[in-house]
Amino acid sequence: MRVGVAKEIKSDEYRVALTPAGALELIKRGHEIVVESGAGVGSAFADTLYERVGARIGTVEEVWESSELLLKVKEPVRAEYGRLREGLTLFTYLHIAADEPLTQALIGSGVTAVAYETVETGRGALPLLAPMSEVAGRLSTQAGAYFLEKPFGGRGLLLGGVPGVAPGRVVIIGGGIVGYNAAIIALGLGAQVTILERSIDRMRHLEEILSGRVTLLMSSTLQIASSVEDADLVIGAVLIPGALAPKLVTREMIGGMNAGAVVVDVAIDQGGCVETSHPTTHSDPVFVVDGVIHYCVANMPGGVPITSTKALTNATLPYVEAIASLGLRSAVAGDPALAKGVNVLAGKVTYEAVAEAHGLDYTPLAEALGL
Ligand SMILES: NC(=O)c1ccc[n+]([C@@H]2O[C@H](COP(=O)([O-])OP(=O)(O)OC[C@H]3O[C@@H](n4cnc5c(N)ncnc54)[C@H](O)[C@@H]3O)[C@@H](O)[C@H]2O)c1
């Protein structure tokens, strides 16, 4: 199959949808790879690195017009709508339940749109969202530790302490992928870590894998209030699938924290789980409310594109290989997880939540494919 890799044109997006290593794997399986010139530069992959493994470098027109399967990271922006066409399978993050103009553009163009974020295993895991949660979780502790330093407005506290001086207290609300990854970095730094969860099964699992090195507490309003009051760093990492994040940390709780303490609200992309949060950017990441530093960057993985690109393509490559080698129809017929990723096909909405969000007709994928 002819597989294209587009350069991201959305502002502040430096990731690319395929690494040279991934390109080589596809080339070895007999596929042809065309990479848009400069697509990998933001992730430290120069055009020559792709050429060296046998990929071709092309213009934006060549990549969009000649590909059968087009790989991207972010959803097409308006300037790209005109490039969508019948006969093209687009594989990227889409998030179209919240984007009616793009939904209409996908339907009107006849493109087949497969969304990373809705690829879902039988056990409800989201394998193409997980790597970005791993990155954001690890980065959250790093960002928190940085802003706790006095010159950056923080309390002036070293999370790990030193012999004879107590470590800092990190409170993580939500012990899923983000929360677990935040915890292992905090433990690595030597901090004292508490995770508040509301799933007992998840807490049992965390107890097993973290071998008792963290305090695990049932999440409740009262428990959050008392844990947050003493914390040096609070990390908001909850998720209620398909819903806005609940405001678990209230303004009053923030008011009771130490001046210079830090809150990293990772759940900000779902509205945030801290009442005083609002989205920020990498160029202006923090603001202060009641003396507490708030870090609320909505696209945290974008700050470390080299790591994020590699983590993302590690996860997407098996699906890319399946689509390229089998064709979309056979690939989705053989893999229900990938089938869940198909949002729009031949002008029909094949993902129920997207149809519901925009009041459009829903066509089951099997019907749209005539399976
Ligand atoms: N800002 C960013 O750049 C960025 C990047 C990746 C993920 N995220 C966001 O981070 C959040 C967490 O993602 P994840 O992949 O870890 O999700 P996840 O589903 O793996 O984990 C969420 C956890 O929150 C727990 N939870 C739900 N309600 C709770 C409550 N009231 N109290 C305590 N725990 C509760 C769940 O039981 C679950 O274990 C999501 O909102 C996600 O969108 C943000």
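Q: Is F45 buried or exposed?
A: In this predicted model, F45 has a relative accessible area of 11%. Buried means under 20% relative accessible area. Because 11% falls under that cut-off, F45 is buried.

Q: How is the aromatic pair of F45 and Y50 classed?
A: The ring centres of F45 and Y50 are 6.4 Å apart, and their planes stand at 75 degrees. An angle over 60 degrees counts as edge-to-face. The pair of F45 and Y50 is therefore edge-to-face.

Q: What is the relative accessibility of Y50, the partner of F45?
A: Y50 forms an aromatic pair with F45. Y50 counts as buried, and its relative accessibility is 0%.

Q: How is the aromatic pair of F147 and Y295 classed?
A: The centres of the F147 and Y295 rings lie 6.1 Å apart, with 45 degrees between the planes. Planes under 30 degrees apart count as stacked and those over 60 as edge-to-face, while the rest are tilted. Because 45 degrees fits neither of those ranges, the pair is tilted.

Q: How many residues apart are F147 and Y295?
A: F147 belongs to helix α6 (residues 130-147), whereas Y295 belongs to strand β13 (residues 292-295). The pair thus links distant parts of the chain, and the separation is 148 residues.

Q: Which residues do ring pairs link into a cluster with F147 and Y295?
A: F147 is buried at a relative accessible area of 10%, and Y295 is buried at 7%. Ring pairs join these two residues into a cluster with Y146 and F152.

Q: Which residue of β14 is the bridge partner of V114?
A: Strand β6 (residues 112-115) pairs with strand β14 (residues 342-345) in the antiparallel sense, over two bridges. In β14, the residue that partners V114 is V342.

Q: Which residue in the turn between β14 and β15 has a positive phi?
A: β14 and strand β15 (residues 348-349) run antiparallel and are joined by two bridges, with V344 opposite V349. The two strands form a hairpin with two residues between them. The turn residue with a positive phi, of about 45 degrees, is A346.

Q: Which element supplies the largest share of the shell around the ligand?
A: At least two residues of the shell come from each of α6, α7 (177-189) and β8 (192-197). The largest share, three residues, is supplied by α6.

Q: How much of the accessible area of the ligand does the protein cover?
A: An oxygen atom of the ligand lies 2.7 Å from an N or O atom in the side chain of S133, and a nitrogen atom of the ligand is 3.0 Å from a polar backbone atom of V266. On its own the ligand has 870 Å² of accessible area, and the share covered by the protein is 86%.

Note on methods. Residues are numbered from 1 along each chain as its sequence is written. This is a predicted model: local features need pLDDT of at least 70, side-chain atom pairs count only at pLDDT 80 or more; totals for chains, interfaces and linings use all residues. Side-chain values use heavy atoms; hydrogens and water are left out. Two strands pair if DSSP finds at least two bridges between them. Helices (H or I, at least four residues) and strands (E, at least two) are DSSP runs, numbered from the N terminus. Rings of Phe, Tyr and Trp (its six-membered ring) pair if their centres lie within 6.5 Å; planes under 30 degrees apart count as stacked, over 60 as edge-to-face and the rest as tilted. Buried means under 20% relative accessible area, exposed over 50%, partly exposed in between (1.4 Å probe, protein chains only). A polar contact is a pair of N or O atoms within 3.5 Å; within protein, one must be able to donate a hydrogen and the other to accept it, and residues adjacent in sequence count only if both atoms are side-chain atoms. Accessible areas come from the Shrake-Rupley method with a 1.4 Å probe; for residues, only the protein chains shown count as cover.
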